[in-house]
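Colleague: Please take a close look at one part of this protein for me. I would like the place where its halves come together, explained step by step.

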Amino acid sequence: MDDDKKGDKKSAKTLHHNTLAVRSSVERSQFGENSEALFLTSGYVQPTAETSARRFSGDEEGFTYGRYGNPTVASFEKRLADLEGAEACISTASGMSAILMMCLGLLKSGDHIVCSQSMFGSTIKLIGTDLAKFGVESTFVPQADTDAWRNAVKPNSKLLFAETPTNPLTTLCDIQQLASLARDAGALLCVDNCFATPVLQRPLSLGADIVMHSGTKYLDGQGRVMAGALCTKEEIIRNSLTPTLKSSGMTLAPFNAWVVLKGLETLDIRMTAQASRALSLAKWLEEHPAVKRVYYPGLSSHPQHELAMAQQNGSGGAILSFEVRAECATQARARAFYVLDMLTTLSLCTNLGDTKTLLSHPASTSHGRLTEEQRQMAGITQGLIRVSVGLEYLEDIKEDISRGLDSFT
Ligand SMILES: *Cc1c(COP(=O)(O)O)cnc(C)c1O
């Protein structure tokens with residue numbers, strides 16, 4: 001068994017991540033199953049009372065109770081850690097609970113977080129409002145302005161938290177610059193890698209300390225289950241995150257872990273194919289007379305195109321947004337709604353990272369709770385439509401979007 005483990009460690013260093021995406025897991029059971037098994041069990045039978053005691057105290061590895069660990073969950077964690085190039089990974093019930101676990105595990109009252117004002121809406125709410133109740137301070141800065149990040153850092157700053165590219169306007173931040181800022185400040189940098197995934201961007205290799213995931217999005221990739229994860233150093237997980245997981249119970253369900261584990265096997269080919277469709281769609285939209293502006297990092301018109309190409313493995317990702325041309329906000333909203341209501345194949349759905357193409361109207365959904373002034377400042381106009389590009393045939397995607405758009409020309 002020890003020899004197997006050594007073999008495992010060696011292979012994790014030498015195999016390509018595309019191989020690890022289909023191969024990394026805990027050891028097979030005695031049945032030799034080729035596809036990783038789904039272990040639905042909340043408890044584990046202990047061989048002896050002495051072993052049980054050592055496992056509970058952490059002196060020996062081994063499963064004890066479902067809230068603390070599960071072999072299927074462990075396989076997902078191992079596979080994602082290998083894909084992100086991380087020492088280890090700890091998974092949670094959702095992306096938001098990964099963020100909560102990170103904050104509960106690493107911060108205390110009086111600590112300070114710096115993050116972008118363009119973060120995922122629930123992230124802003126969790127950090128700015130819920131954690132504030134427990135004395136954790138926060139400052140929100142413009143996404144792409146590294147000087148603003150630098151100026152926001154205070155002696156009590158413990159965490160810089162970035163998300164790149166952002167939703168829905170695909171603004172990037174420079175991970176390497178933020179990582180060096182965090183190092184100078186003695187703080188940790190966490191990157192929400194939900195949009196790019198390790199296929200396009202590996203933040204740890206750029207100096208980030210923690211990668212956060214909503215497994216609900218591209219990792220599952222087929223819009224089925226909720227999941228979340230943090231990838232980082234083993235020491236951080238062992239000392240700061242596992243204790244929080246054990247006491248808070250934000251545990252990922254084995255079934256969900258199994259679904260996402262299998263999703264990871266096709267992550268690379270899905271991301272590559274979806275990003276390629278997104279680039280073609282973005283170019284086509286940019287030429288469309290009824291479209292005012294397209295936001296997509298893969299276009300040379302994107303203000304951070306060069307950074308995107310360098311930081312995201314030469315790809316713009318699979319999400320884009322576009323603004324429908326209109327005379328005023330009222331007309332823009334009506335036109336955006338018309339485009340969405342004319343869809344017959346694609347989905348009007350405020351999720352992302354699915355093999356099905358999903359369109360949404362951020363101003364009335366994900367960003368609907370902002371005031372009109374906040375929305376204008378954030379660039380979330382009434383004519384804006386977000387597209388999470390899936391795997392349908394490109395011409396069918398264009399045709400479905402054209403149905404509404406063409407009537408304004
Ligand atoms: C969806 C999402 C989250 C939250 O993840 P859940 O799994 O829905 O809890 C966090 N960050 C980004 C960028 C997301 O898109």
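**Where the domains meet**

Modeller: Between domain 1 and domain 2, 15 residue pairs are in polar contact, counting pairs with both residues at pLDDT 80 or more. A polar contact is a pair of N or O atoms within 3.5 Å; within protein, one must be able to donate a hydrogen and the other to accept it, and residues adjacent in sequence count only if both atoms are side-chain atoms. This is a predicted model: local features need pLDDT of at least 70, side-chain atom pairs count only at pLDDT 80 or more, and totals for chains, interfaces and linings use all residues. Residues are numbered from 1 along each chain as its sequence is written, and side-chain values use heavy atoms, with hydrogens and water left out.

Now the charges. Zero salt bridges are found across the interface of domain 1 and domain 2. A salt bridge here is a side-chain nitrogen of Lys or Arg within 4 Å of a carboxyl oxygen of Asp or Glu.

Next, the two partners. Domain 1 spans 8-266 and domain 2 spans 268-408. These bounds come from an automatic or database domain assignment. The C-alpha centres of domain 1 and domain 2 are 28 Å apart. Domain 1 brings 31 residues to the contact, and domain 2 brings 34 residues. Contact means heavy atoms within 4.5 Å.

Then the area. Domain 1 and domain 2 bury about 2800 Å² between them. Carbon and sulfur atoms hold 56% of that buried area. Buried area is the accessible area (1.4 Å probe) that two parts lose on being put together, summed over both. Which three residues supply more than any others of the area that domain 1 buries against domain 2? They are L169, L200 and Y218, with 27% of the area on the domain 1 side.

To recap, the interface buries about 2800 Å², with 15 residue pairs in polar contact and zero salt bridges.
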